[in-house]
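Visitor: I should like to learn how to read the architecture of a protein model. Could you take me through one?

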Amino acid sequence: MALGKIAAEFVKRYPQVRLDVTTEDRAVDMVEEGYDLVIRVNPDPDERLVGRVLIRDRLVAVAHPDLPLPALGETAPAVFRPSSNATGWDLVTPRGEIRIAVDPVLRLGALTMVRDAVRAGTGAAMLPFSLVADDLREGALVSWGHAKAPPIEIWALYPSRRLLSSRVAALLDLLKESFPEGQAEELAAFAGGGR
């Protein structure tokens with residue numbers, strides 16, 4: 001989510017504040033581990049936490065322009081994250097709803113790696129719009145449609161039992177200022193589409 005860029009801006013604005021940013025590929029227990037704020041994607045409800053949605057994104061099926069949309073009954077090669085075991089994608093396209101059968105040919109641990117493999121023509125992938133917006137606009141990738149699914153929500157969460165510190169409030173204000181409408185396009189523009 002371009003956290004490095006946000007953190008750098010925060011330190012410029014508030015040079016008296018020290019900021020430690022940690023990225024984890026696990027669900028930290030922010031109350032037990034003493035975090036002031038966490039950014040989570042589609043978090044499970046937790047009565048110990050309160051927060052706000054920062055951005056709503058959507059998943060799009062993307063492919064290299066040389067990889068054609070499979071015909072009915074055909075299967076598309078696909079690049080996945082290790083946690084996914086989908087056998088098909090339900091998509092909304094300008095022509096209506098379709099289902100595409102997929103065969104995972106490669107599994108990679110990070111979304112940016114998945115995007116890079118798709119750019120290289122390895123297969124199609126279901127990725128956040130904010131991550132591929134520039135590629136779609138420049139023609140490096142093409143969209144087969146967006147997922148028939150609820151939006152991806154990126155939340156800022158903090159412990160409900162703690163008084164909100166001034167530094168957390170300031171960081172929340174900066175996040176709101178950076179993404180005033182909370183739309184995927186804002187994140188794409190802010191992060192440069194992940195480039």
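**Reading the sheet and its cores**

Guide: Let us begin with one pair of residues: Ala 78 stands opposite Pro 104 in strand 6. This is a predicted model, in which local features need pLDDT of at least 70, side-chain atom pairs count only at pLDDT 80 or more, and totals for chains, interfaces and linings use all residues. Residues are numbered from 1 along each chain as its sequence is written, and side-chain values use heavy atoms, with hydrogens and water left out.

Visitor: How many bridges join strand 4 to strand 6?

Guide: Strands of a sheet pair through backbone hydrogen bonds, either parallel or antiparallel. Helices (H or I, at least four residues) and strands (E, at least two) are DSSP runs, numbered from the N terminus, and two strands pair if DSSP finds at least two bridges between them. Here 6 bridges join strand 4 to strand 6 (residues 96-107), and the two run parallel.

Visitor: In what order do the strands of the sheet lie?

Guide: The sheet is open, with 6 strands in the order 4-6-5-8-3-7 and mixed pairing. Strand 4 (75-80) and strand 7 (125-128) are the edge strands, each pairing on one side only. From one strand to the next, the twist averages 50°.

Visitor: Which strands does helix 4 touch?

Guide: Contact means heavy atoms within 4.5 Å. Axes are lines fitted to C-alpha atoms, for helices over the stretch in contact, and angles run from 0 to 180 degrees between N-to-C directions. Helix 3 (residues 111-119) lies across strand 3 (59-63), strand 4, strand 6 and strand 7, at about 130° to strand 7. Helix 4 (residues 129-138) packs on the sheet and touches strand 3, strand 7 and strand 8 (142-147), making about 105° with strand 7.

Visitor: How many residues of helix 4 are buried?

Guide: Buried means under 20% relative accessible area, exposed over 50%, and partly exposed in between (1.4 Å probe, protein chains only). In helix 4, 7 of the 10 residues are buried, among them Phe 129, Leu 131 and Asp 134. Their cover includes strand 2, strand 3, helix 3, strand 7 and helix 6. After helix 4 comes Gly 139, with a positive phi near 85°.

Visitor: Which residues touch the most other members of the largest nonpolar core?

Guide: A nonpolar core is a set of buried Ala, Val, Leu, Ile, Met, Phe, Trp, Tyr and Cys residues joined through side-chain atoms within 4.5 Å. The largest has 18 residues, of which Ile 6, Leu 37 and Phe 179 touch the most other members. Helix 5 gives the most to this core, with 6 residues. A second, separate core of 16 residues includes Leu 108, Ala 125, Leu 127 and Ala 133.
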